[in-house]
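Open the model in a viewer and keep the sequence panel beside it. The stops below are meant to be selected one after another.

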Amino acid sequence: NSRIEQWLVGDRWKKLDHAITISEHSRRDLLAHVPLSPERVSVTPLGLDAERFRPAEHRQAGTPYVFCVAGSDPTKNVGTLIDAFAKLPEPLRSRFDLLLAGDMCKRADIRAAIERAGISSQTKLVGIVSDEQLVAYYQQATVFVFPSLYEGFGLPVLEAMGCGCPVICSNASSLPEVAGDAALLIDPHDRGQLAAELSRVLESSVLQNELRARGLARSAQFSWDRTAVETAAVYRRVAGR
């Protein structure tokens with residue numbers, strides 16, 4: 001990696017006036033790996049398109065489900081969700097499907113984990129979906145689970161919150177910055193903890209409603225207007241120097 005960086009970037013870090021990252025976690029990572037002083041790196045968080053990612057007018061009928069969307073990258077840690085879902089008490093688990101979307105659905109190890117956990121009949125692998133379908137899946141899910149080990153930001157957490165979906169996510173990397181107090185945070189290596197929190201959410205409509213309200217309030221703090229204003233402010237500061 002360092003040889004590729006040397007070839008692509010060379011000594012350009014020394015010539016760089018300023019760098020902008022999307023989270024405090026990414027900022028810390030950058031400062032740990034490149035020769036930049038802290039005052040030359042700013043954070044401007046990503047925004048949410050609230051016109052698209054918003055709650056549904058009505059709840060649809062059908063089997064309620066636990067939802068996750070992720071790419072094929074192993075750091076998405078989807079196997080932990082599969083195992084945690086399988087650990088749920090049978091009377092509770094039988095009432096829900098596990099719906100998985102995204103590139104991870106192509107992975108043979110994910111399919112094998114579903115078989116091994118004995119939840120094939122309850123698991124729906126829908127693959128890559130359109131933007132409209134993704135919004136609908138967020139809107140209608142009972143809970144969105146994102147057990148990722150590493151994120152530069154974690155936009156799916158924000159998208160789910162904007163759609164009025166309760167969220168459980170990992171306490172790793174940048175995710176606590178995005179989730180704030182609006183999600184239940186879990187250790188992504190602890191399947192038992194994820195199973196316990198998942199069980200707690202699925203059994204309590206009161207907790208679901210509380211997380212839904214907190215998530216909507218949290219997601220409203222992240223707008224592309226805010227990103228633009230904060231980015232412009234960095235440019236003005238750098239130009240002023």
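The tour goes from the whole chain to the sheet, then to the helices and two single residues.

**Before selecting anything**

This is a predicted model, in which local features need pLDDT of at least 70 and side-chain atom pairs count only at pLDDT 80 or more, while totals for chains, interfaces and linings use all residues. Residues are numbered from 1 along each chain as its sequence is written, and side-chain values use heavy atoms, with hydrogens and water left out.

**Whole chain**

Start with a cartoon of everything. The chain has 12 helices and eight strands; helices (H or I, at least four residues) and strands (E, at least two) are DSSP runs, numbered from the N terminus. Along its principal axes, the C-alpha trace spans about 65 × 40 × 30 Å. The radius of gyration is 20 Å, which agrees with the value near 18 Å for a compact globule of 241 residues; the radius is taken over C-alpha atoms, and the globule rule is 2.2 Å times the number of residues to the power 0.38.

Switch to a surface. Its accessible area is about 12200 Å², and 53% of that belongs to carbon and sulfur atoms; accessible areas come from the Shrake-Rupley method with a 1.4 Å probe, and for residues only the protein chains shown count as cover. Of the 241 residues, 46% count as buried, where buried means under 20% relative accessible area, exposed over 50%, and partly exposed in between. Among contacts (heavy atoms within 4.5 Å) between residues at least 6 apart in sequence, 66% join residues at least 24 apart.

**The sheet**

Now select the strands S3 to S8. They form an open sheet of six strands in the order S5-S4-S3-S6-S7-S8, with parallel pairing; two strands pair if DSSP finds at least two bridges between them. Strand S5 (123–127) and strand S8 (184–186) are the edge strands, each pairing on one side only. From one strand to the next, the twist averages 20°.

Go to S4 and S5: these parallel strands are joined by four bridges. Show Leu100, which stands opposite Leu125 in S5.

Next, color S6 (143–146). Which way do its side chains point? Val143 and Val145 point one way, Phe144 and Phe146 the other, and all are buried. S6 runs parallel to S3, with two bridges between them, and Val143 is the bridge partner of Val66. Three bridges join S6 to S7, also in parallel, and Phe146 stands opposite Cys169 in S7.

**Helix on the sheet**

Add H10 (191–203). H10 lies across S3, S6, S7 and S8 and runs at about 160° to S8; such angles run from 0 to 180 degrees between N-to-C directions, and axes are lines fitted to C-alpha atoms, for helices over the stretch in contact.

**H4 and H6**

Select H4 (residues 78–87), where the buried residues include Val78, Leu81, Ile82 and Phe85. Among the elements that cover the buried residues of H4 are strand S3 (65–69), helix H5 (90–93), strand S4 (97–101) and helix H6 (108–117).

Move to H6. Its buried residues are Ile110, Ala113 and Ile114. Seen down the axis of H6, they fall within an arc of 100°, so they line one face of the helix; the arc is that of the directions from the helix axis to the C-beta atoms. The cover over these buried residues includes H4, S4 and S5. On the other side of H6, Ala108, Glu115 and Arg116 are exposed.

**Ile119**

Step past the end of H6. Gly118 follows the helix with a positive phi, near 75°. Ile119 is in the loop between H6 and S5. Is Ile119 buried or exposed? Ile119 is buried, with a relative accessible area of 0%. Leaving out residues up to four places away in sequence, Ile119 touches Ile82, Phe85, Ala86, Arg93, Leu98 and Ile114. For a distance check, pick the C-alpha atoms of Ile119 and Val43: they are separated by 42 Å, with the two positions 76 residues apart along the chain.

**Gln208**

The last stop is Gln208, in helix H11 (residues 205–219). Gln208 is buried, with a relative accessible area of 12%. Which residues does Gln208 contact, leaving aside neighbours within four places in sequence? Display Thr142, Pro166, Val201 and Leu202, which are in contact with Gln208.

Methods
Buried means under 20% relative accessible area, exposed over 50%, partly exposed in between (1.4 Å probe, protein chains only).
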